[in-house]
Amino acid sequence: MADTSKALFSWPTSSWRVLKRIIRAWYTAEDGGGEWTQRTVAKLANVQPSRVSANKAFLQVVGIVQQEGIALTESGRNLGLGLINENTRVTQQALENIVRSSGVLRQLVDIVRGRGTIDRPGFEAEVLLLTRQGKETSGFTTGVSVLEDMLLESGLVGMSDNAFRPIRTEVRDETVVMPKQTEQVKTGHGQRSENSGLRQIPIPVSANTVWYIEVSESPEKADIETFIAMQRLIFGVQQP
């Protein structure tokens, strides 16, 4: 997992809407086959050349533009292809790959999935913790908004009641076993089995694994202590 505390995260100066115009223009310039420069990209995107330059570092750090700063990455090209053809599926798949490859974006998905729900202030706080930068940093507020939009458009995270919630249970290369949807009834805290009347609670034990336990709706304190003691015996964990 990327150690974002050792290197400053580069923030965009434009909204995700403008960045998508730049990505579309970048793809068009590359795909044209002729000579082109960042001024060409700026002209195609209908923005000032300085706008392209100012956002390039962010596009590099999230894996849309190659580190050399000249060409789009494979995922960046796929994103440009999806955007220019207004193909939602191609765009979403490209963004999913970008999220999977970006340390900060990937960790944000893991956090949302682990918590089950996180509001906007909580999301911003997590970005601050991951990047070690805050509102005093130029571009931070704009950048948080861009990260939100990228996650939402990737299809990995959704928005409900002004809070972020996981939509998919895995990011392609992960294997997370989830109960079948037909066996679940959503509650405010975890899932409740239709047949047993027990509530299923997800427990993220790592970035790649989620375990589930079934408990009664209102367990007694003594039952909880007994349950914890039994799990220690089962897994051979000594009392701290």
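## Helices, sheet and a salt bridge

Colleague: Which residues in helix 7 meet F140, V144, L147, E148 and L151 in helix 8?
Modeller: Happy to walk you through it, with the reminder that this is a predicted model. Helix 7 covers residues 120-131 and helix 8 covers residues 140-154. The helix 7 side of the contact is made up of R120, F123, E124, V127, L128 and T131.

Colleague: And how do the residues of that contact of helix 7 with helix 8 divide?
Modeller: Both sides count here, so to speak, from R120 in helix 7 to L151 in helix 8. By class they are seven nonpolar, one polar and three charged.

Colleague: How are helix 7 and helix 8 placed relative to each other?
Modeller: Their axes come within 11 Å and cross at roughly 110°. Angles of 65 to 115 degrees count as roughly perpendicular. Helix 7 and helix 8 are therefore roughly perpendicular.

Colleague: Which word describes helix 6 against helix 7, parallel or oblique?
Modeller: Helix 6 spans residues 103-115, and its axis comes within 11 Å of that of helix 7, with a crossing of roughly 135°. That angle makes the placement of helix 6 to helix 7 oblique.

Colleague: Is the crossing of helix 6 and helix 7 left-handed or right-handed?
Modeller: The residues that touch are V104, Q107, L108, I111 and R115 in helix 6 and F123, E126, V127, L130 and T131 in helix 7. They comprise six nonpolar, two polar and two charged residues. As for the hand of the crossing, it is right-handed.

Colleague: Let's turn to the strands. Which strands stand at the edges?
Modeller: The three strands form an open sheet in the order 1-3-2, with antiparallel pairing. Each edge strand has a single partner strand, so one side of it is left without a neighbour in the sheet. The edge strands are strand 1 (118-119) and strand 2.

Colleague: Which residue in strand 3 does I118 stand opposite?
Modeller: Strand 1 and strand 3 run antiparallel and are joined by two bridges. In that pairing, D119 stands opposite A163. The partner of I118 is F164.

Colleague: What is the bridge partner of G158 in strand 3?
Modeller: Strand 2 (residues 157-160) and strand 3 (residues 163-166) run antiparallel, with four bridges between them. V157 stands opposite P166. For G158, the bridge partner is R165.

Colleague: Which residue in the turn of the hairpin has a positive phi?
Modeller: The hairpin is formed by strand 2 and strand 3, with two residues between them. The phi in question is about 55°, and it belongs to D161.

Colleague: At what angle does helix 6 run to strand 3?
Modeller: Helix 6 lies across the three strands: strand 1, strand 2 and strand 3. Helix 8 packs on the sheet too, touching strand 2 and strand 3, and its direction makes about 105° with that of strand 2. For helix 6 and strand 3, the angle is about 90°.

Colleague: How are helix 1 and helix 3 placed relative to each other?
Modeller: Helix 3 takes in residues 49-61, and its axis lies 11 Å from that of helix 1, at an angle of about 90°. Helix 1 brings V18, L19, I22, I23 and W26 to the contact, while helix 3 brings R51, V52, N55, K56, F58 and L59. These divide into eight nonpolar, one polar and two charged residues. The two helices are therefore roughly perpendicular.

Colleague: Last one: how many residues apart in sequence are the parts that R77 and E30 tie together?
Modeller: The model has seven salt bridges. One of them joins R77 and E30, whose closest N and O atoms are 2.9 Å apart. R77 is in helix 4 (residues 74-84) and E30 is in helix 1 (residues 16-31), so the pair links parts whose separation in sequence is 47 residues.

Note on methods. Residues are numbered from 1 along each chain as its sequence is written. This is a predicted model: local features need pLDDT of at least 70, side-chain atom pairs count only at pLDDT 80 or more; totals for chains, interfaces and linings use all residues. Side-chain values use heavy atoms; hydrogens and water are left out. Axes are lines fitted to C-alpha atoms, for helices over the stretch in contact, and angles run from 0 to 180 degrees between N-to-C directions. Angles under 35 degrees count as roughly parallel, over 145 as roughly antiparallel, 65 to 115 as roughly perpendicular and the rest as oblique. Contact means heavy atoms within 4.5 Å. Ala, Val, Leu, Ile, Met, Phe, Trp, Tyr, Cys and Pro count as nonpolar, Asp, Glu, Lys and Arg as charged, and the others, Gly among them, as polar. Two strands pair if DSSP finds at least two bridges between them. A crossing is left-handed if the near helix is turned anticlockwise from the far one by less than a right angle, and right-handed if clockwise. A salt bridge is a side-chain nitrogen of Lys or Arg within 4 Å of a carboxyl oxygen of Asp or Glu.
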